[in-house]
Amino acid sequence: MIKNSCILKVNKKNLISNYKFFKNLRKNLIIAPTIKANAYGLGDKEILELLKKNGCKNFFVATLEEGIKLNSKDKNINIFVLNGIQNYSLSLFTDNNLIPIINTTLELRKILRNNIRFGIHIDTGINRLGIDFKTLPQSIFKNNKIIIAMSHLSSADEKKNNYNNKQKNNFIKVVNKFSNKNNILFSLSNSNGSILSKSYLFDLIRPGIGLYGGDNKNYFLRKNLKPVVTLSGKIIQIKSIDKNEYIGYNQTFKSKNKIKVAIIGAGYADGIPRSLSNKGIVFYKENKFKIIGRISMDSFTINISNSKHNLKVGTLIDIINNKHGIEYFADRCNTISNEVITSIGPRVKRIYA
């Protein structure tokens with residue numbers, strides 16, 4: 001019996017299908033999944049091992065802490081750390097088989113004094129991490145320790161936004177300056193950037209949300225990607241509520257008739273935002289149930305008066321499922337699917353099947 005009140009199921013077969021979709025965008029294209037933020041909430045160690053078994057050799061994390069947590073001694077794979085070396089000792093990278101991505105000229109001077117592999121982040125217009133493409137020192141273009149030179153699109157989810165093309169052209173200017181470009185991997189695109197056109201692929205792409213079943217409302221991705229996650233909450237109590245009774249904090253819901261309700265053992269500590277109070281929808285087979293009252297830290301309440309099934313304590317109610325996936329949930333929360341799955345709390349039980 002599953003003791004956890006909230007369950008996240010990860011469909012391994014569908015995740016690998018999504019990985020292969022990106023890999024098949026072009027022959028010899030390298031796929032380097034982004035497994036930062038605990039693999040977008042799905043479990044970084046588990047996703048790393050699953051992808052390794054399917055031939056993946058390059059991965060991205062955000063922080064040094066995330067890289068160390070993976071505890072990977074496999075010399076056949078590359079784990080890149082996006083947030084750079086900052087003030088950390090370089091031995092933390094080399095001892096843990098991690099490759100820093102350099103973001104500033106100060107970091108660059110430090111890394112050049114040491115004989116270790118690194119990547120470089122080139123800012124082509126997002127004005128976030130990275131060294132401005134116009135100020136890169138000429139010496140960098142002949143350096144033989146660079147494994148990867150990358151940049152990041154600011155509007156990859158907007159296919160018609162010409163800023164994507166502007167950034168791509170800025171990146172190409174930098175690529176053409178490297179004298180040893182055959183020994184360097186060049187990367188510009190994430191999930192959405194990879195389908196703008198083949199000219200955005202370069203050597204390597206870094207899919208994140210697409211790998212985990214999100215499409216950011218892109219029709220082509222929606223048509224080709226498969227759902228990966230199901231989030232379910234367990235019924236922990238069932239009760240009858242009389243007419244004109246309030247439910248939850250602050251009297252935001254008042255019953256108009258006598259109703260039957262179920263309390264679900266999941267709340268905003270598990271990734272169910274308060275913004276879904278009195279408007280969220282959850283599912284059991286063909287039935288839909290409305291969330292009533294305020295969502296609290298550990299639970300929320302649903303109206304099950306019209307249920308066609310014998311619901312009872314222990315029954316799992318779907319919050320996210322294959323039919324109503326992370327994009328549907330994100331729309332109702334007025335956010336993006338990236339935020340939805342990275343917000344799923346640590347006490348939620350992850351199951352891989």
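Helices are DSSP runs of H or I with at least four residues, numbered from the N terminus. The structure treated in these exercises is a predicted model.

**Exercise 1. Locate Ile326 and determine whether Ile326 is buried or exposed.**

Solution.
Step 1. Ile326 belongs to helix H9, which covers residues 326-333.
Step 2. Buried means a relative accessible area under 20%. Ile326 has a relative accessibility of 6%, and therefore counts as buried.
Step 3. Beyond its neighbours within four places in sequence, Ile326 is in contact with Ile209, Tyr212, Gly213, Gly214, Val229, Ile320, Ser337, Val340 and Ile341.
Step 4. A further pair shows how sequence and space may be set side by side: Ile326 and Thr230 are separated by 96 residues in sequence, while their C-alpha atoms are 8.7 Å apart.

**Exercise 2. Describe the chain as a whole: its helices and strands, its extent, its buried share and its contacts.**

Solution.
Step 1. The chain contains ten helices and 19 strands.
Step 2. The C-alpha trace spans about 75 × 45 × 35 Å along its principal axes.
Step 3. The chain has 353 residues, of which 53% count as buried.
Step 4. Consider the contacts with a separation of 6 or more: residues 24 or more positions apart account for 63% of them.

**Exercise 3. Compare the expected span of helix H1 with the distance between its end C-alpha atoms, and state what covers its buried residues.**

Solution.
Step 1. Helix H1 comprises twelve residues, 12-23, and at 1.5 Å a residue it should span 16 Å. The expected span is 1.5 Å times one less than the number of residues.
Step 2. The end C-alpha atoms of H1 are 16 Å apart, which agrees with the expectation.
Step 3. The N-terminal end of H1 is capped by Asn11, a side-chain oxygen of which lies 3.2 Å from the backbone nitrogen of Lys13.
Step 4. The buried residues of H1 are Asn14, Leu15, Ile16, Asn18, Tyr19, Phe21 and Phe22. Their cover includes strands S1 (6-10), S2 (30-31) and S10 (204-205), together with helices H3 (44-53) and H8 (219-224).

**Exercise 4. Establish why the buried residues of helix H6 line one face of the helix.**

Solution.
Step 1. Helix H6 runs over residues 105-112, and Glu107, Leu108 and Ile111 are buried in it.
Step 2. Viewed down the axis of H6, these buried residues fall within an arc of 100 degrees, so they line one face of the helix.
Step 3. The buried residues of H6 pack against strands S5 (99-102), S6 (118-123) and S7 (131-132).

**Exercise 5. Examine the surroundings of Arg350 and state which side chain of opposite charge is nearest.**

Solution.
Step 1. Arg350 lies in strand S19, residues 349-352.
Step 2. Side chains of opposite charge can pair when their charged atoms come close. A salt bridge requires a side-chain nitrogen of Lys or Arg within 4 Å of a carboxyl oxygen of Asp or Glu.
Step 3. The nearest side chain of opposite charge to Arg350 is Asp270, at 7.7 Å; Arg350 is buried and has no salt bridge.
Step 4. The side chain of Arg350 does reach backbone oxygens: that of Gly345 at 2.7 Å, and that of Ile344, which is 3.1 Å from a polar atom of the side chain.
Step 5. Not counting residues up to four places away in sequence, Arg350 touches Leu8, Asn38, Gly41, Leu42, Ile344 and Gly345.

**Exercise 6. State how many salt bridges there are, and describe the pairs Asp44 with Lys69, Lys52 with Glu49 and Arg222 with Asp215.**

Solution.
Step 1. Under the 4 Å rule, the count comes to eight salt bridges.
Step 2. Asp44 and Lys69 form a salt bridge whose closest N and O atoms are 3.2 Å apart. This pair links distant parts of the chain, with Asp44 in helix H3 and Lys69 in helix H4 (residues 64-70), 25 residues apart. Asp44 is buried at 4% relative accessible area, whereas Lys69 is partly exposed at 39%.
Step 3. Lys52 and Glu49 meet at 3.7 Å, N to O. Both residues lie in helix H3, three residues apart, about one turn of the helix.
Step 4. Arg222 and Asp215 meet in a salt bridge at 2.9 Å, N to O. Salt bridges with shared partners also join Glu49, Lys52 and Asp74 into one network.

Note on methods:
Residues are numbered from 1 along each chain as its sequence is written. This is a predicted model: local features need pLDDT of at least 70, side-chain atom pairs count only at pLDDT 80 or more; totals for chains, interfaces and linings use all residues. Side-chain values use heavy atoms; hydrogens and water are left out. Helices (H or I, at least four residues) and strands (E, at least two) are DSSP runs, numbered from the N terminus. Buried means under 20% relative accessible area, exposed over 50%, partly exposed in between (1.4 Å probe, protein chains only). Lys and Arg count as positive and Asp and Glu as negative; His and the chain ends are not counted. A polar contact is a pair of N or O atoms within 3.5 Å; within protein, one must be able to donate a hydrogen and the other to accept it, and residues adjacent in sequence count only if both atoms are side-chain atoms. Contact means heavy atoms within 4.5 Å. The arc is that of the directions from the helix axis to the C-beta atoms.
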